[in-house]
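Visitor: I have a structure to look at, and I want to know how its labels are earned. Can you take me through the reasoning?

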Amino acid sequence: MGTAADMAARRGMKDAEIKDLLQAGAVGEAFGFYFNSKGEIIYSTTSVGLNLDDLESINKVIVIAGGENKAEAIISAVSSKYQDILITDEITARKIISLKGGEAEDRLVD
């Protein structure tokens, strides 16, 4: 899981393709699926291993993602439809809560 731009570059997309992807609203990527800020899939690529449909049949899916720069990507790609638990660092958690319009002090679990 990562930012759309970083993951597209890792997948070898050309600069023009990355630019188009970002202009289409992509902010995050997981399993080859690119998500907009509303969590909607807007583009997909081939990927080796699990895909999003596989997650529906897994009893408990835990996502581990961190890095304040990935907060928007995490919001876009993490969904109760596919994942059950998100583990992240405090700085990222506070950024996620802030982006969602909440107060971090009231919502963090120690």
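Guide: Start with a definition: a contact means heavy atoms within 4.5 Å. Among contacts in the protein chain between residues at least 6 apart in sequence, 41% join residues at least 24 apart. Keep in mind that this is a predicted model.

Visitor: What elements does the protein chain hold, and in which order do they run?

Guide: It holds six helices and six strands. From the N terminus, the order is β-α-α-β-β-β-α-β-α-β-α-α.

Visitor: How do you know that the radius of gyration agrees with a compact globule?

Guide: Set the value against the rule. The rule is 2.2 Å times the number of residues to the power 0.38. For 110 residues that gives a radius near 13 Å; the protein chain has 14 Å, so the two agree. Along its principal axes, the C-alpha trace spans about 40 × 30 × 20 Å.

Visitor: What makes Arg11 and Glu29 a salt bridge?

Guide: The cut-off is 4 Å, from a side-chain nitrogen of Lys or Arg to a carboxyl oxygen of Asp or Glu. In Arg11 and Glu29, the closest N and O atoms are 2.8 Å apart. That is within 4 Å, so the pair is called a salt bridge. Arg11 lies in the loop between α1 (4-10) and α2 (15-23), and Glu29 lies in strand β2 (residues 28-30), so the bridge ties together parts that are 18 residues apart in sequence.

Visitor: Why is Glu29 called buried, and Arg11 partly exposed?

Guide: Buried means under 20% relative accessible area, exposed means over 50%, and partly exposed is in between. Glu29 has 1%, so Glu29 counts as buried. Arg11 has 34%, so Arg11 counts as partly exposed. Over the protein chain, 33% of the 110 residues count as buried.

Visitor: How many salt bridges does a search of the whole structure find?

Guide: Two. Besides the pair of Arg11 and Glu29, there is a salt bridge between Arg94 and Glu90, at 2.6 Å from N to O. Arg94 and Glu90 both lie in helix α5 (residues 90-99). They are four residues apart, about one turn of the helix.

Visitor: Why are Arg94 and Glu90 called partly exposed?

Guide: Use the 20% and 50% cut-offs again. Arg94 has 27% relative accessibility, so Arg94 is partly exposed. Glu90 has a relative accessible area of 49%, so Glu90 is partly exposed too.

Visitor: How far apart are the mean positions of the positive and negative charges?

Guide: They are 3 Å apart, for 12 positive and 18 negative charges.

Key
Residues are numbered from 1 along each chain as its sequence is written. This is a predicted model: local features need pLDDT of at least 70, side-chain atom pairs count only at pLDDT 80 or more; totals for chains, interfaces and linings use all residues. Side-chain values use heavy atoms; hydrogens and water are left out. Helices (H or I, at least four residues) and strands (E, at least two) are DSSP runs, numbered from the N terminus. Buried means under 20% relative accessible area, exposed over 50%, partly exposed in between (1.4 Å probe, protein chains only). Lys and Arg count as positive and Asp and Glu as negative; His and the chain ends are not counted. The place of a charge is taken as NZ of Lys, CZ of Arg, CG of Asp or CD of Glu.
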